Amino acid sequence: MSPRLVHWELFVSEPILTLTDVVVAFDALRAVDGVSLIVPRGQRRAIIGPNGAGKTTLFNAIAGAHPPTSGKIRFNGHDVSRLPSHRRAQLGISRTFQITNLFPTLSVQDNMMLALRGLKPKKFSLFGSPDADEGEAARIVDALKAARIAERADTIVKEMSYGEQRQLEIAIALVTTPTMLLLDEPAAGLSPSERSMIAEVIRSLDPAITVILIEHDMDLALGLVDYVTCMFEGRVLVEEPPEGIRRNAKVQEVYLGKPRHA
Ligand SMILES: Nc1ncnc2c1ncn2[C@@H]1O[C@H](COP(=O)(O)OP(=O)(O)OP(=O)(O)O)[C@@H](O)[C@H]1O
């Protein structure tokens, strides 16, 4: 076997994401307090834990919105620990936010274009053609199809239901063709039927995309993932497949509430 091939094999078997002893401190508060994680390529992972456990702060550390105070983050063969978020996005990390981040008076198509070109509406009107070229148009169609809102391209965002807006956020995260997608409470505030739609969208994402999601709805989260990390007070409390997580005594204690005995 040639050395080139050996190197390639090592590369493809390397986990897509490795966190080593990551700390994010806000003054005296260690919101993330020494988290180490290994996420294999293509895995679907849920991060669960009670309010304030450090889940969103951990996402911010991975995506670059708030880089770690100390520790290492390795993504797809690169040490990204100190990179700004736009460089991490270029390397293939994409995310959605807990609170909608859309431009409500623009169309779905224009929101997608802004995301694709990494612009804000003002700059959008100043720079280049607002029309998508062939490559951009194809990526937008693919992302809208994956999010199941292909027929809404010309709709003004504020006229869409809240559930559709959450689907659009996923489409926006997909339009940059990420290798890893971080979804921060994708189903928060949705009705049961909107939740089922979001679950269907996540379930049918390209299996090559690694997906990490924060979700408070346990039924939804556990039905979508291969593996679960439960955080508590900034640390990893438990890691295991979804089958065991509900029965795990530590998880019951901190997250689900102590089991009631008859
Ligand atoms: N920018 C900040 N400045 C100071 N403290 C912060 C900041 N962001 C988060 N924190 C604190 O860090 C801790 C972890 O917050 P974080 O939002 O990461 O938790 P979470 O697990 O995502 O909670 P939730 O489920 O409620 O969204 C909390 O005590 C929070 O108040």
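The following exercises, each with a worked solution, concern a predicted model of a single chain with a bound ligand.

**Exercise 1. Overall composition**

State how many helices and strands the chain has, and what percentage of its residues count as buried.

Solution. The secondary structure comprises 11 helices and 10 strands. Next, burial is taken over the 262 residues of the chain, of which 36% count as buried. Finally, among contacts with a separation of 6 or more, 64% are between residues 24 or more positions apart.

**Exercise 2. The shell around the ligand**

Determine which residues surround the ligand, and which element gives the largest share of them.

Solution. Begin with the list: the ligand is surrounded by Phe26, Leu29, Ala31, Gly49, Asn51, Gly52, Ala53, Gly54, Lys55, Thr56 and Thr57. Assign these residues to elements: β2 (29-39) and α2 (55-63) each give two or more residues to the shell. The largest share, three residues, belongs to α2. Then sort the shell by class: four residues are nonpolar, six are polar and one is charged.

**Exercise 3. The four-stranded sheet**

Establish the strand order of the open sheet of four strands, and explain why one side of β2 and of β5 lacks a neighbour.

Solution. The order is β2-β1-β4-β5, and the pairing is antiparallel. In this order β2 and β5 (78-79) stand at the edges with a single partner strand each, so one side of each has no neighbour in the sheet. Turn now to the pairing of β1 with β4: β1 (residues 17-26) and β4 (residues 70-75) run antiparallel and are joined by five bridges. One bridge partner pair is Leu17 with Phe75 of β4. Lastly, place the helix: α2 lies across β1, β2 and β4, and runs at about 65° to β2.

**Exercise 4. The environment of Val80**

Decide whether Val80 is buried or exposed, and identify the residues that it touches.

Solution. Locate the residue first: Val80 is in the loop between β5 and α3 (85-91). Count its neighbours: 22 other C-beta atoms lie within 10 Å. The threshold for burial is 20 or more, so Val80 is buried. Leaving out residues up to four places away in sequence, Val80 touches Ile73, Phe75, Arg88 and Leu91. Of these, Phe75 is also the bridge partner of Leu17. As a comparison of sequence and space, Val80 and Phe232 are 152 residues apart in sequence, and their C-alpha atoms are 25 Å apart.

**Exercise 5. Helices α4 and α6**

Describe how α4 packs with α6, giving the angle, the axis separation and the residues in contact.

Solution. The axes of α4 and α6 (residues 134-146) are 10 Å apart and meet at an angle of about 115°. The crossing is right-handed. On the α4 side the contact is made by Gln109, Met112 and Leu116, and on the α6 side by Glu136, Arg139, Ile140 and Ala143. By class, this contact has four nonpolar, one polar and two charged residues. Within α4 (residues 108-117), the buried residues are Val108, Asn111, Met112, Met113, Leu114 and Ala115. Met112 therefore appears both among these buried residues and in the contact with α6. After α4 comes Gly118, with a positive phi near 60°.

**Exercise 6. The hairpin of β9 and β10**

Find how many bridges pair β9 with β10, and which residue of the hairpin takes a positive phi.

Solution. Strands β9 (residues 227-232) and β10 (residues 235-240) pair in the antiparallel sense over five bridges. For instance, Val228 has Glu240 of β10 as its bridge partner. Two residues lie between the strands, and Glu233 takes a positive phi near 50°.

Key:
Residues numbered from 1 in each chain as written. Predicted model: local features only at pLDDT ≥ 70, side-chain atom pairs only at ≥ 80, totals over all residues. Near = placed C-beta within 6 Å. Nonpolar A, V, L, I, M, F, W, Y, C, P; charged D, E, K, R; others polar. Pairing = 2+ DSSP bridges. Contact = placed C-beta atoms within 7 Å. Axes fitted to C-alpha atoms, helices over the stretch in contact; angles between N-to-C directions. Buried ≥ 20, exposed ≤ 12 C-beta atoms within 10 Å, placed from the backbone. Left-handed = near helix turned anticlockwise from the far one by under 90°.
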